[in-house]
Amino acid sequence: MRYTHETMPQTILVSRRVIEETVSRLAAEIANDYQGKNLVAVGVLKGAFIFMADLVRQINMPLEINFITVSSYNDGTESSGTITVHQDITTDLKGKDVLVIEDIVDTGYTLCFLLEHLKVRGARNVRLCALADKPSRRTHNVAIDYLGFTVPDRFIVGYGLDYDNRFRYLPDMYALEEYDDNC
Amino acid sequence: MTTSKGRYYSGLQQATAIANDSLSLRRTCNAIAKVIAKSMGMTGCRVLLLNPKNDFLTTIGSFGLSDLYLRKGPLAATKSLPEVLEGQIAIVSHAPSDERVQHPQIAESQHVVTIIASPIMRGQDVIGQVRVYSRQERSLSDLDEEFLRTIGHVCSVVLERAELSQFKERVKRTCATAPKQILPTEMPAASLKPVEFAHESEAEFANLLDFYQIEWLYEPRSFPLAWNGEGVSQMFTPDFYLPELDMYVELTTMKQDLITSKNRKVRKLRELYPDINVRLVTRKDFARLLAKYGYGPLGDAKVEGVGRILYSQTQIKRRVRSLARRVSKDYAGQRIVMIGVLKGVMCFLSDLMQHISIPVKVDYMDISHYGGHGDIVKITRDLDCSITDEHVLMVEDIVDTGMTLNYVLAHLASHRPASLHVCSLLDRKERRLANVQLDYVGFEIPDEFVVGYGLDYQGEYRNLPFIGVLRQE
């Protein structure tokens, strides 16, 4: 099975307006909970880049920004294999409140590893903020502290999410059409 | 698989094209050195000019060599591989132990094993050399020799053309009864001794240049500014010369009244020597440059939060949209790869890409920040995808000295993209050192320390939705 990628995706799953409202709601919740604390926001590249940029600008308090790149090498399934942190954060996390910002929670495998990785680095606490949750794919249990919305088990692109590095720049979120090679 | 003959053919093709391009001599020679090293599969290369008066060789172009190699000073042609003076090609197969090598300890520290030197001829005379360096042992085939000889002819033509244009300049200037000119060939050679700086800030500036791997010479040349009968009554010696940028830099980290007198000297120098590119870097400029990399506070001033808003959210939004429209129009029918250097560009890149109406791929880089003496810039996150034959748009939050951008563009160009352009939200022209061309600019801003919309001061203020100016006490 492949996904069409020569043409633009057609089905809008989450519109720009809904995304904007969601980002505002999450930012308000976060600002409320972290007021007066040393907040370090850690965006997971590349998918969370746009979400991160939009979210932090609405969190009305001083915070520090970091990006991290994680990848898992495996045999096709996402719930096994070795995870490597490519570009780690340089900030000292000791005694700080860390908020991981992720685009979509899928199997939860990589995130489990990442949250643990940050805890080991001495963070006072580590929480997770995700724009979207795809619970149907979950293999590892992850608690999402701030969640945007839940999405069905479709291949989603746009607003930072990609298919083969395409479509990240689209301002809305789309579900890619599936088609069979035999058609 | 390309044969070495094929590689040499395309190397010569590139070299002749470069020779015919109207770049400065330094740039032409740098580009040719790169072609030579790449075609031969060698680590580094340099093009050297022979001074007939004292038989010294001066580097006029190089590629892939460390500062140590470039700054070890002029080579005595009669001692270093003298057979090249006779028009022969010389090969050193184990540099650290070969007595024909003038600085074997440097060769060893740089792991250079093989050195091949080939003459640049004009008629029967040797006028310079091409030297290639390798970290592996290698022999010299007939084809290698043929390539080196031919590229030598290309260099010879390049040099001849440079001399011709210099001569034309001289004639023009004599006619205009300008003061006598020191010609580049009479430029004092770089010192063999380690440099001793007159001032601490000069040493710090040299460290910063080293970090960006920008070649420099300390006080290499004095400019007569006033004449008294036969003699020179006033001289001016700028602190640094940056050969790759073809620029002189004078640091003034002292009191205001001294700056005024220096300003006057710089103005005079510009009047008398219009083709000399000279920049004054003040104490404020310098402190800001260091502060930008989280190194030292912002001069003597204390930061007191954001003083005023320079561009509001709405102003930025409008400008980003108009830039996106221009980019979409200019690249219509194509797809582009947008590349940003983290983290400052996060807001701009994120907003810009969402307003582009043509297919976009995005990639991110991160580079290390200046950490003091002996540090060298490193790419800590490189591109995920190949950009060869792609149309690349480098997206920047702010360009001031241009040193970072200069470094990143050279890195990107080495991947041979189909095209490479730059889009920067902010342009602080006043502070420019490296001459980088910006194709799309959001706002030209005054010389103030700005934060917000991704830009930080020591890690703070990035998440402000507007661009503000720091308040300093």
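This is a chat about a predicted model with chains A and B.

Visitor: Let's start with chain B. How many helices and strands does the secondary structure come to?
Guide: Chain B has 11 helices and 21 strands. Of its 473 residues, 37% are buried.

Visitor: And what share of its contacts is between residues 24 or more positions apart?
Guide: Counting contacts with a separation of 6 or more, 61% join residues 24 or more positions apart.

Visitor: OK, now the contact between the chains. How many residues does each chain put in?
Guide: Chain A gives 23 residues and chain B gives 22. On the chain B side, the elements with two or more residues in the contact are α10, β15 (360-367) and β16 (379-381). That side divides into 11 nonpolar, 5 polar and 6 charged residues.

Visitor: What does α10(B) meet over in α2(A)?
Guide: Met346(B), Cys347(B), Ser350(B) and Gln354(B) of α10(B) meet a set from α2(A) that includes Phe49(A), Ile50(A), Met52(A) and Arg57(A). The residues of this contact split into 6 nonpolar, 2 polar and 2 charged.

Visitor: And the geometry: at what angle do the axes cross?
Guide: Roughly 115°, with the axes of α2(A) (residues 49-58) and α10(B) (residues 346-354) coming within 9 Å. The crossing is left-handed.

Visitor: Which peptide bond is cis in the stretch from Leu342(B) to Lys343(B), and what's omega?
Guide: The bond joining those two residues is the cis one, and omega is near -5°. Lys343(B) sits in the loop between β14 (336-341) and α10 of chain B. Chain A has a cis bond as well, joining Leu45(A) and Lys46(A), with omega about -5°. Lys46(A) is in the loop between β3 (39-45) and α2 of chain A.

Visitor: Switching to helix pairs inside chain B. How do α1(B) and α2(B) pack?
Guide: Helix α1 (residues 4-19) and helix α2 (residues 25-40) of chain B pack at about 180°, axes 9 Å apart. At that angle α1(B) is roughly antiparallel to α2(B), because angles over 145 degrees count that way.

Visitor: Which residues make the contact?
Guide: From α1(B), they include Arg7(B), Tyr8(B), Gly11(B) and Ile18(B); from α2(B), Thr28(B), Ala31(B), Ile32(B), Val35(B) and Ser39(B). The contact divides into 7 nonpolar, 4 polar and 1 charged.

Visitor: What about helix α3(A), does its span agree with its 12 residues, or disagree?
Guide: It agrees: residues 109-120 should span 16 Å at 1.5 Å a residue, and the end C-alpha atoms are 17 Å apart. Among the buried residues in α3(A) are Tyr109(A), Leu114(A) and Leu118(A). After the helix comes Gly122(A), with a positive phi near 95°.

Visitor: Back to chain B. Is Val450(B) buried or exposed?
Guide: Buried, because 23 other C-beta atoms lie within 10 Å and the cut-off is 20 or more. Val450(B) is in strand β20 (residues 450-451). Leaving aside neighbours within four places in sequence, its contacts include Leu310(B), Leu426(B), Ile467(B) and Val469(B).

Visitor: Which residue in the loop between β20 and β21 is buried?
Guide: Tyr453(B) is one, with 30 C-beta neighbours inside 10 Å, and it lies in the loop between β20 and β21 (467-472) of chain B. Tyr453(B) has a positive phi of about 50° although it is not a glycine.

Visitor: And Gln458(B), what's its phi?
Guide: Gln458(B) has a positive phi of about 50° too, and is not a glycine. That residue is in the loop between β20 and β21, but Gln458(B) is partly exposed, with 14 other C-beta atoms within 10 Å.

Technical notes. Residues are numbered from 1 along each chain as its sequence is written. Chains are lettered from A and ligands numbered from 1 in the order in which they are written. This is a predicted model: local features need pLDDT of at least 70, side-chain atom pairs count only at pLDDT 80 or more; totals for chains, interfaces and linings use all residues. Helices (H or I, at least four residues) and strands (E, at least two) are DSSP runs, numbered from the N terminus. The expected span of a helix is 1.5 Å times one less than its number of residues. A residue is buried if 20 or more other C-beta atoms lie within 10 Å of its own, exposed if 12 or fewer, and partly exposed in between; C-beta atoms are placed from the backbone. Two residues are in contact if their C-beta atoms, placed from the backbone, lie within 7 Å. Axes are lines fitted to C-alpha atoms, for helices over the stretch in contact, and angles run from 0 to 180 degrees between N-to-C directions. A crossing is left-handed if the near helix is turned anticlockwise from the far one by less than a right angle, and right-handed if clockwise. Ala, Val, Leu, Ile, Met, Phe, Trp, Tyr, Cys and Pro count as nonpolar, Asp, Glu, Lys and Arg as charged, and the others, Gly among them, as polar. Angles under 35 degrees count as roughly parallel, over 145 as roughly antiparallel, 65 to 115 as roughly perpendicular and the rest as oblique.
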